[in-house]
Structure formats: C-alpha cells, structure tokens
Amino acid sequence: MAQVSLNNVRKVYPNGFEAVKPASFRIEDGEFVVLVGPSGCGKSTMLRMIAGLEDISDGALTIGDRVVNDVDPADRDIAMVFQNYALYPHMTVAKNIGYGLKNRKIPAADIAAKVQEAATMLNLTDYLDRKPSQLSGGQRQRVAMGRAIVRDPSLFLFDEPLSNLDAKLRNQMRIEIKALQRRLGVTSVYVTHDQVEAMTMADRIIVMNAGRIEQIGTPAEVYHSPASTFVASFMGAPPMNLLTGRAEAGRVRVGNVMLHQHHEDRDLTVGIRPEDIIPDSHGHLEVEVTLIEELGAHRLLHGQMQGHPLTIHVGKDHPVETGHIRAAIKPNAVSLFDPASGVRL
Ligand code: ATP
C-alpha cells in the first residue's frame, strides 16, 4: 500500500527562498494526483522532495507507513519519469528498460521476461533492439515509462513527462499514461503546468501558486467551484470571466445588471464560466460582441458587458455575429469571491 502523506512539509532553499510553504495533504493508495500551477509555483520542488532529490526543510513526509524524510531516493520504492526521459543513448530500448533491474542483481531471464511484459504493454516490442536516437519522441517517452514499470514501484512520480512532445502526441500519451496507471493501480503524482493535462488525467488536482496550495479537489470541484480567483483564472481555457460586482438588498449587481444571487451587502468579484453564459434574446445581460473565434466544434464570442471584458462559449450550430446581443446565465453558475483576497465566498 502506498499512501503518501505530507504534514506541514516546507522547503526553504539555502539562499533563504521559501519555495514551498508548509503543505499538508494525503494521497490515497492507487490515486492519481496532479500538481499543477504556473512556472515557479513550487510544484517541481514538491515532487522532488517526495522523490528524495531535495531535502525537506520542515515537516514530515510519509510513504506507505514509513516517514521517509531521511530515506535515500533509491530506498523509497519509487520510480520517476522525467521530461527529458533520461535514457542511456548507447543502450538499446531493451537494455534501457531493464537497466534498473540489472542494478538490483535480478537474474537475466527474469529481467528479459519483465522487459518483454512492459514492452508489450507499451507497444514497444518491435523496437527493443533500437537505440533511443532511432525512436520518435512518443516512443522514447514510452521507454521511460517502461523503465518505471519494470521496477514495480509503489509510487510513480512524473515531472512534466509530456512537455517535449507536440500537441497531438501529448493528447495521445496522456490517455495512454492514464490508462496504464489505472491498469497497474500504482499511486501516482504528476507535475504539469498544463491545466488541460491536470483536468483530464487527475483523480484529484492540487493547484499551487507562489509556493502555496490554493486548492485540492477533483477536476470537477476545481473547475466548477474554484477556491480563489487564481484557480478560477488558471483552470479553464478560456478562463472564468471575472467581473466587478456588488451585493445589495439580497441581489448581486454587475453595473446595472441584476444577477439572482443573495448575499450580505458588499463588494464582490463575480465569476462566470464562458459556457455558462447563453445567447438568449430574452436574457438580461447586454453584451457587445467584438470578435468571434471559430474553433470548429465551438466558437468563442469575445466582447464587453458593462465595461468588463467577457467571453462566451457557444456551440458550433449557434448562429452568431458581432454587435449587440442579449444573453442569460445558467442557474447556479455564478461564483462569488472577495475582491481583496480573491478567496471564494
Ligand atoms: P517550472 O514549471 O518552471 O518548473 P515549478 O513550479 O516547478 O516551475 P520550482 O522548480 O519548484 O517551480 O521552483 C519554485 C521556486 O523556487 C522558483 O521561484 C525557483 O526560482 C525557486 N528555486 C528552485 N530551485 C532553487 C534553488 N536551488 N535555490 C533557490 N531557489 C530555487
């Protein structure tokens, strides 16, 4: 069983920079958790602390039932897949996949069987005699996965494993990795700055910002109930519309538009996802559409409402043109945030 627990784990680099503020969370056995956030938010530092490649400054890290703060990376029963694959260029695919086992003094016949099994799983059986330079990016990534799989670890750690691949291959590989993880049932922590990867692969997402955890939740929770304006604008492309509003007499107002939401009298930031606004000739939002972005399966209407920039997502069959339109908001689709802190109310 490989649960992972962090109890107030913190990282201060020798220059005094606090890259990870005290963080506490627990990853369940077999769970696929994605750490996501913008460049520099501390997600790689967090992963590297779990891997043992970076010292932990404070707090306790538990993998399985052992506190591993001072345990060597090699003794943590983990396998890591990196962005640059870290393959040995002079070795064949088979040797690359089996390398970690050779070091463990496992008999050659057993290694060959395990390599064969992993290669079958990863569709690499035709490439076992090739060198990494004779493979495509996606195939190299699979070799790196194979090397992790044969070690039979209790924890997989992925550090932006798909960022060197083109967009199409990334989409394909993220499905492959997710399917493989499901099949093997190995607890996994996956770092990416790509919110689509996080949404599509994770059982739970941990959103980080400036060394701090902003939210931990399922993809649906993080998307539909963002804990802060940071999460609202980081998750989702295009991001959530954030409008300046005010609650008065039980109603939330943006400019002179009343939204049917009750709250104490106060200033607010009002968040609405682009797909939760629907063009509707009886709607009470008045939107000036200035640009239409055609995306094949759907369209994005960019414009203004009451002086706020606003994006609306519509299906491909929706007739649209620029200019003045009316729109309505789907029921229960409004998120409210404190304007000063950005925290969800
Ligand atoms: P990216 O997506 O760009 O890799 P990240 O979220 O993974 O970013 P980290 O690599 O964890 O970010 O770095 C977090 C912060 O810690 C950054 O501001 C970085 O500059 C800083 N940092 C990283 N390594 C060190 C170091 N050895 N000494 C001091 N600061 C460091």
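**Entry 1: the two domains.** I looked up the separation of the two domains in this predicted model, and their C-alpha centres lie 38 Å apart. I then noted the bounds: domain 1 covers 4–233 and domain 2 covers 239–337 of the protein chain. For the contact, I recorded six residues from domain 1 and seven residues from domain 2. On the side of domain 1 that touches domain 2, I found two nonpolar residues, four polar ones and no charged ones.

**Entry 2: the ligand.** I turned next to the shell around the ligand, which has 13 residues. Those that come nearest are Tyr13, Ala19, Ser39, Ser44 and Thr45. I asked which helix gives the most to this shell. It is helix 1 (residues 43–51), with three residues. Sorting the shell by class, I noted four nonpolar, eight polar and one charged residues.

**Entry 3: helix 2 and helix 3.** I examined helix 2 (residues 93–103) together with helix 3 (residues 108–121), and their axes come within 9 Å. The axes cross at roughly 130°. An angle that is neither under 35 degrees, nor over 145, nor from 65 to 115 counts as oblique, and the two helices are therefore oblique to each other. I recorded the crossing of helix 2 and helix 3 as right-handed. On the helix 2 side, I listed Ala94, Ile97, Gly98, Leu101 and Lys102 as making the contact. Helix 3 meets them with Ile111, Lys114, Val115, Ala118 and Ala119. By class, I entered seven nonpolar, one polar and two charged residues for this contact of helix 2 with helix 3.

Key. Residues are numbered from 1 along each chain as its sequence is written. This is a predicted model: local features need pLDDT of at least 70, side-chain atom pairs count only at pLDDT 80 or more; totals for chains, interfaces and linings use all residues. Axes are lines fitted to C-alpha atoms, for helices over the stretch in contact, and angles run from 0 to 180 degrees between N-to-C directions. Helices (H or I, at least four residues) and strands (E, at least two) are DSSP runs, numbered from the N terminus. A crossing is left-handed if the near helix is turned anticlockwise from the far one by less than a right angle, and right-handed if clockwise. Two residues are in contact if their C-beta atoms, placed from the backbone, lie within 7 Å. Ala, Val, Leu, Ile, Met, Phe, Trp, Tyr, Cys and Pro count as nonpolar, Asp, Glu, Lys and Arg as charged, and the others, Gly among them, as polar. Domain bounds come from an automatic or database domain assignment. A residue is near a molecule or strand if its C-beta atom, placed from the backbone, lies within 6 Å of it.
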